[in-house]
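Trainee: I should be grateful for a close look at the charged pairs of this protein, and at how they stand beside its nonpolar parts.

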Amino acid sequence: MKISGFSMVRNATKLYYPIQKAIESILPICDEFVIAIGEGDKDDNTRELVSNIGSDKIRIIDTVWDIENQRNGMVHSEQSNIALDACSGDWCFYIQADEVVHEKYLPVIKDRCLELKDDNEVEGLVFDYRHFWGDYDHYQISHGWYKREVRVIKNNIGVRSNKSAQGFKRYGERVKAAHSNAEIFHYGWVRPPKYMENKRRAFHTIHWGKDQSNNFHDQEPREFDYGPLDRLPVYNGTHPEVMQDWIAKMNWQDKLQYSGEPKNNRVKHKHEKIKNRILTSIEQKLERKFGGKIYLSGHRNYQLLGNK
C-alpha cells in the first residue's frame, strides 16, 4: 500500500500559513508528497521554505494562479487537482496549508487505510476538525463551522477537489467516506491580527475578485478583531509536536481580548450571533446525549458510511 500526500499553496510565508508544519505532520506516513506552489509575491519565500524541509519524498510543481478567471475560490480546487493528478499512491492524503495532524493519529490513519484499501464501497476517509481561534488555547464549536471533512481519498476512482477545495466530489456526487478515527487541527484563524486581516483580503480576492475585495477591506480595520475569547471553550490537550516552535513564536497576546463585551462597531462573528449561540447549545446537548456530530442544518461534502 502506498500513500501520497498532496497540497497547494501560494504566499504562505507572507500570510502566516504554517505550510511547513502541515507537510511535516503527515510526511512520516506518506511515501511521497506532491505540492503545487503558485508563483507568489516578491516578498514571499514559500517555495524556499518547502524546499528546506529537505525530504526526497517532496515534489514541487510550480504553477501560476489565474485568480481573475477563477472566481468563487475555484483556483483552490484547480491547484489541488494539479497536485492530485501527480500522485501515484493507492490513497491520497490532502492537507491544507493551515491544517496539521497530531502525531498520535498517524498510526491510526495508516491502519485505516490498510484496513479499507480493498473495500470498494469506501471512497475516502473523513476527519473531525478542531478549529482554533485567536490563540492556541481557544477553539470553535459554534454552529456554522464545519465539523468534519474528507481529507484522504482513494486514487484513480474519479474523486476530485471541489469548488474552493474544502471537500471532494466523485463524478459530481458526495464522496462515500468511512471515519478516519482521527482529527485535523485547523490553525487558519490563529494569526497576528494584521496577518489575519491580510489573509481575509487575499481569500476574498480569490472569491470576489481584486476590486470588490479591496473595496470591502479598505473600509475594514487594518487588524482583525477576534472578539472576547472567554466565549469559547479552552483547549487543555497537546498540540502536534511539529507545531511547538511555531506556537512558541506567538507574540500577539496583548492584541487579544480575553474577556468583556464585543465591540459595537463591528459585525458580530458567527459564534457571537444569538441564533448561532442557540443552535450551538442545542447541537452540543444532542451530541452529549447521542454521541457523534450533530448538524441541525448545513451541507456536508460526504456520505458517512455506517459503522466503517
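**Salt bridges and their surroundings**

Mentor: A network of salt bridges links Arg10, Lys14, Asp41 and Asp43. The model in which this network appears is predicted. In total, the structure holds 22 salt bridges, and three individual pairs deserve closer attention.

Consider Arg160 and Asp85, whose closest N and O atoms are 2.6 Å apart in a salt bridge. Arg160 belongs to strand β9 (residues 159-162) and Asp85 to helix α3 (residues 74-85), so this pair ties together parts that are 75 residues apart in sequence. With a relative accessibility of 33%, Arg160 counts as partly exposed, while Asp85, at 52%, counts as exposed.

The next pair is formed by Arg151 and Glu99, a salt bridge in which the closest N and O atoms are 3.0 Å apart. Here two strands are involved: Arg151 lies in β8 (residues 148-154) and Glu99 in β5 (residues 99-101), so the pair ties together parts that are 52 residues apart in sequence. Arg151 counts as buried because its relative accessibility is 0%, under the 20% limit for that class. Glu99 is likewise buried, at 0% relative accessibility.

A third salt bridge joins Glu223 to Lys255, with 3.4 Å between the closest N and O atoms. This pair links distant parts of the chain, 32 residues apart: Glu223 is in the loop between α6 (210-217) and α7, and Lys255 is in the loop between α7 and α8. Both ends are partly exposed, Glu223 at 35% relative accessibility and Lys255 at 47%.

The loop between α7 (244-248) and α8 (274-290) also holds Gln257. The side chain of Gln257 reaches two backbone oxygens, that of Ser259 at 3.0 Å and that of Glu261 at 3.0 Å. Leaving aside residues up to four places away in sequence, Gln257 touches Gly227, Pro228 and Leu229.

Helix α8 contains Ile274. Together with Ile278, Ile282 and Leu296, Ile274 makes a nonpolar surface patch of about 360 Å². Ile274 has a relative accessible area of 57% and is therefore exposed, the limit for that class being over 50%.

The nonpolar interior can now be set beside these features. The largest nonpolar core has 59 residues, and those with the most contacts inside it include Ile23, Ile35, Phe93, Val101, Ile109, Phe127 and Tyr136. Ile109 touches Ile29, Phe93, Val101, Phe127 and Ala182, when residues up to four places away in sequence are not counted. There is also a second, separate core of 22 residues, among them Trp65, Ala83, Cys87 and Ala165.

Two backbone features complete the account. Tyr16, although not a glycine, has a positive phi of about 65°. Tyr16 lies in the loop between β1 (3-9) and α1 (19-26) and is buried, with a relative accessible area of 11%. Asn181 likewise has a positive phi, near 65°, and is a residue other than glycine. Asn181 is found in strand β11 (residues 173-189) and is partly exposed, with a relative accessible area of 46%.

Technical notes. Residues are numbered from 1 along each chain as its sequence is written. This is a predicted model: local features need pLDDT of at least 70, side-chain atom pairs count only at pLDDT 80 or more; totals for chains, interfaces and linings use all residues. Side-chain values use heavy atoms; hydrogens and water are left out. A nonpolar core is a set of buried Ala, Val, Leu, Ile, Met, Phe, Trp, Tyr and Cys residues joined through side-chain atoms within 4.5 Å. Buried means under 20% relative accessible area, exposed over 50%, partly exposed in between (1.4 Å probe, protein chains only). Contact means heavy atoms within 4.5 Å. Helices (H or I, at least four residues) and strands (E, at least two) are DSSP runs, numbered from the N terminus. A polar contact is a pair of N or O atoms within 3.5 Å; within protein, one must be able to donate a hydrogen and the other to accept it, and residues adjacent in sequence count only if both atoms are side-chain atoms. Patches are made of residues with over 30% relative accessible area and no salt bridge: like charges are joined within 9 Å, nonpolar side chains (Val, Leu, Ile, Met, Phe, Trp, Tyr) within 5 Å. Accessible areas come from the Shrake-Rupley method with a 1.4 Å probe; for residues, only the protein chains shown count as cover. A salt bridge is a side-chain nitrogen of Lys or Arg within 4 Å of a carboxyl oxygen of Asp or Glu.
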